[in-house]
Amino acid sequence: MDKQLIKSNSILIINSGLFLLSSMALYFAYLTYSNTFIKFGFVSGWILFLTLALHVLFNIRKMCAFLPVGSSYFWMQVHIYVGFFAVVAFFVHMQEHSSSGLIGLILQWLFYILIAGGVTGLIITRLMPYRLAIHQEEVIYERIPALREAIKKKIKDIIALSVISTESTSISSFHKQKLEKYLDGPKYFWLHILNSSRPYSRIRYEMEGFERYLNETEKDFFMQIRELVTLKTHLDYHYAVQTVLKYWLFLHIPFSYAIMAFSIIHLILVYAFSGDM
Amino acid sequence: MVNLSDLKIYKNDYERPMQKWKCGRPPGESPCKLGPDQKGRCRTSYECQPIQNSARWVCARPESMGGKCSEGPSNNGTCAKKIEKCKPVRTNRLSRGVISRIIFSASILLIVFIFSAKYMNSIISPGAVARAHSYIENDCAACHHASRNSIGKWIFKVLKDKKIDEEDILCFECHNMGLNLIEPHNLSNEELKKISERNKNSNPDHAHIDNKSIKEVRENMFCAGCHTEHKGKDFNISLPDDKKCLECHIVNYNHSEKIVPEFRTIPANAKNKHIKINHAKHFDEYFKTGKFVEVAPQGCEDCHAILPDKGNIITLGYSMTCINCHQKQVSGRHLDKSNGIAVFMVPGIDLKTLKKNNIYIGSWPKQSRNKISPFVKFLLSADPENVETLKVIGKLNLLKLKHADKSQLKAVEKIAWAIKELLYEIYERGHSALALRIQKVVDREVTSDESAALLELLPMELFQKSVNKWYGEIGKELKIHENIKNSPDSSSIANVSFNQLKEKKQTVAISSINDKNKEWLSSGGWSLKDFTIYYQPAGHGNRFIRGWIDFTAPLINQNESSPAGEIFNLLSNPESPGICFKCHLVEKDQFEKLQVNWANKKIENNTPSLNKFTHTPHYLMGLEGSCNFCHKLNGALKGAGAENASKGLNNFGDFVSVKMSTCVDCHIEKYGNKKCLTCHNYHLISAI
């Protein structure tokens, strides 16, 4: 078996085991100490706060790559499993101390957004790269607009040539009616996310329907255009998937700063207002 | 087949993940080689930076950009090919950073707004307060010191958490919890130890205390430790979780498995009762007997009621319960030969013997066979001389003085005259004389209520008529007696003087109480029969009998054989009219003096207790045979034990002590209610 695979499986097992053990320990502690005189709410709250702080540290670690504090992979693993643990800690903390006040509600919803973003991101970062890797060829995201423009230009060149050669404007008309809009910018974003084949089949249907009316010479030119249109569809696929890969963090990172701010406020309020009634 | 790599595009050599800005030229155009600076400003100006070669300027455009241009630099060294500046575009990373900063700043602004808002308290409140506290919902300072401090101190508190002191707890500004505010159960250490010891000894299976836990728990033992607020209007703040109890109380039994300590005695044992009643005999025997069947109570609720406020059980009064069966007994109608209580009488004396011994007591009814009544003895003892005289007489039979010695005969003489003096005193001055005598006996002032009860409207005419009948000219006799006492030759004068009075015939008709007279006095009162004035009580709670019992009971301790003791014994005889002590129990008070329990025991529910129970919800549940469901008659007491129970001698009365399993079966088995606070109190004082 591949050494890399064995290693990654071992890491998965160890990390999962650690997560399960710590979650069980936390839950057991909750069952034992909740509703007792021991301020378990403070304990679970601090645990939760520290997990959040650890998550934020991951982003700082990425910014300070020069620091010898472990590899990015290690930090990612910590981030993921501590994230799962944070979910458990959150619900344990909420069991005893659910709040209907404004700050409590803000904190709750920020946490829900972060959890949703984190889980979504985990799925995306595990699923999408694989799909990109098996999908045609590799494309650099920042070059997609340039490539799109190049395809547009090339198609226009072929159309110009076909008009001269065939003395027919059929292809040119078709391009104007159907293709121009399609080639202008990314299309079928969500269908590509869902890995649907409909974007391909739709445009293929359009083009096959038109091709019947062409003569042989025109068909040759149209064949080249078809290849380029297919290429553009691939590009759209890359664009959609890589956009999701790049932009899901917009849901995750900004709210983490907000939750830290509100967590500190919550901490101050809890210490200020509890315990001296 | 065309590939993406076949397409010719202008590639940006500076595509790095950490870049914040990128060239803003459209995708079809070649992006500049430099790229924007860190602040997002386009750095391009010309395609090359011309090099000066002696006097000439040479184009220095690199090969990658097309090599030397045909135009060449201008004379002043400026490149001919100016590059249009672009509008740099934010990269993904920078956009994300900007959004993060915006959201963070918005959060900070929101926080600042919250803390500076007029309604800060309601905004930072973690939830609605319980209904009981709703009137102070917007006044955080009522409960939180923090609201009375500045925000700076809040931050300080995070860094330095202070130990809670009694003075810190603001709950006590409204809730009066007595002493030992933050001690467990609001009890002092000593009191707690006492309770612990008592429970350990009497009930070893009872939950014991983990002293180590108490020490740890004490630090957190303030109100909010159990009573958490801000859980909503409908949250029951007064009912904390059982886990709090289990912090200290190690329960080594399991209610649900019925391994439980038993109750000590519920209901209270017979010693604590005030009224003697054998429930078993009543229900199983008396109520089923012929004439009582119709009037007998059908169930417990016919004699007992539940008070609405605290659910205590009270016994309804005699007039609502016992009267149906016991009325005739109480009025003494069952005692056919009884004429009532003999109060005033003329004792029978052996006049012949006295005469033989030259002892003169004036006129004295020969037919009387009475003994001196305890009431007369009591009144005589107002004079200490009489007390001595009575002692000398002792148990001498006044009708047979043949063998009495001289001192005894003298004593008889003295007592006879004393009786005459007593009767004449009452004859002349009536109630006031009696009251004065009683006062002298007890050596204290007698209240008007007491004397009213003790004298019970003794009618003047009856008394005077009686004395006249018995003695004729008692006043004259007493005068003569007085003179004789002071004279040296008393015996001869006595003989002469009394002979003169002999002429008056004294006849006292010997009558007998017949049914007609009894009928006449069916509502009680005074009557004369032969040589005795009787008092016939009628009805329950007769004032005369109760008055004399209450009056004499405390006096018994000193001397049971004293006149007071004799009166008490007479009236407390179960066969005497009124038959008070058939049902009413006597006990000693805190000063070891006898006290009769006339009323049923008052249930004092104001005494703080660590346990709680109220009958009302249990009774209203409509359990089959409600009362009997928990309170089962002790069948073992039907026989001889029943007699003991009647006398209040059986420790468990006539009910089997309620079993814990009776409670467990419903509370836990049926309804799954295991909450400690269902049956136990934490605070001894109500916080409301």
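Across all chains of this predicted model, the search of the whole structure returns 25 salt bridges. Side chains of opposite charge can pair when their charged atoms come close. Several of these pairs are described here in turn, beginning with chain A.

In chain A, the side chains of A:K152 and A:E149 form a salt bridge, with N and O 3.6 Å apart. Both residues belong to helix α5 of chain A, which covers residues 144-166. They are 3 residues apart, or about one turn of the helix. A:K152 has a relative accessible area of 18%. It therefore counts as buried, the limit being under 20%. A:E149, at 28% relative accessibility, is partly exposed. Chain A also holds a salt-bridge network. Its members are A:R204, A:E208, A:E211 and A:R226.

In chain B, B:K377 pairs with B:E566. The closest N and O atoms of this salt bridge are 3.2 Å apart. B:K377 sits in helix α11 (residues 374-380) of chain B, and B:E566 sits in helix α20 (residues 563-572) of chain B. The pair therefore ties together parts that are 189 residues apart in sequence. B:K377 is buried, at 17% relative accessible area. B:E566 is partly exposed, at 27%.

A further salt bridge in chain B joins B:D530 to B:K529. Here the closest N and O atoms lie 3.3 Å apart. Both partners are buried: B:D530 has a relative accessibility of 14%, and B:K529 has one of 16%.

The interface between chain B and chain A presents another picture. The salt-bridge rule finds 0 pairs across it. Polar contacts between chain B and chain A number 3 residue pairs, with both residues of each pair at pLDDT 80 or more. On the side of chain B that touches chain A, the elements giving two or more residues are α1 (92-116), α2 (120-124), α3 (151-159), α6 (223-226) and α7 (242-246) of chain B. Helix α1(B) provides the largest share of that side, with 14 residues. By residue type, the side of chain B that touches chain A comprises 33 nonpolar, 15 polar and 13 charged residues.

The extent of the contact was computed as well. The size of an interface is often given as the accessible area lost when the parts come together. Between chain B and chain A, the buried area is about 5300 Å². Carbon and sulfur atoms give 69% of this area. Of the area that chain B buries against chain A, 12% is supplied by B:L4, B:R96 and B:K243. No other three residues supply more. In residue terms, chain B contributes 61 residues to the contact and chain A contributes 57 residues.

Chain A contains 10 helices and 0 strands. Its order of elements from the N terminus is α-α-α-α-α-α-α-α-α-α. Chain A has 277 residues, of which 47% count as buried. Among contacts in chain A with a separation of 6 or more, 80% are between residues 24 or more positions apart.

Cysteine sulfurs were examined next. A disulfide is a covalent bond between the sulfur atoms of two cysteines. The search of the whole structure finds 0 disulfides over all chains. For B:C59, the closest cysteine sulfur is in B:C69, at 3.7 Å. This distance is too far for a bond, because a disulfide requires sulfur atoms within 2.5 Å. B:C59 is buried, with 9% relative accessibility. For B:C322, the closest cysteine sulfur is that of B:C583, 6.4 Å away and likewise too far for a bond. B:C322 is partly exposed, at 33% relative accessible area.

A final site in chain B concerns an asparagine. B:N386 lies in helix α12 of chain B, which covers residues 384-393. Its relative accessible area is 9%, so B:N386 is buried. Leaving aside residues up to four places away in sequence, B:N386 touches B:L380, B:I415 and B:A418.

Note on methods. Residues numbered from 1 in each chain as written. Chains lettered and ligands numbered in written order. Predicted model: local features only at pLDDT ≥ 70, side-chain atom pairs only at ≥ 80, totals over all residues. Heavy atoms only, no water. Contact = heavy atoms within 4.5 Å. Buried area = accessible area lost by both parts, 1.4 Å probe. Salt bridge = Lys/Arg side-chain N within 4 Å of Asp/Glu carboxyl O. Polar contact = N/O pair within 3.5 Å; in protein donor to acceptor, adjacent residues only side chain to side chain. Helix = DSSP H or I, 4+ residues; strand = E, 2+ residues; numbered from the N terminus. Nonpolar A, V, L, I, M, F, W, Y, C, P; charged D, E, K, R; others polar. Buried < 20%, exposed > 50% of the residue type's maximum accessible area, 1.4 Å probe, protein only.
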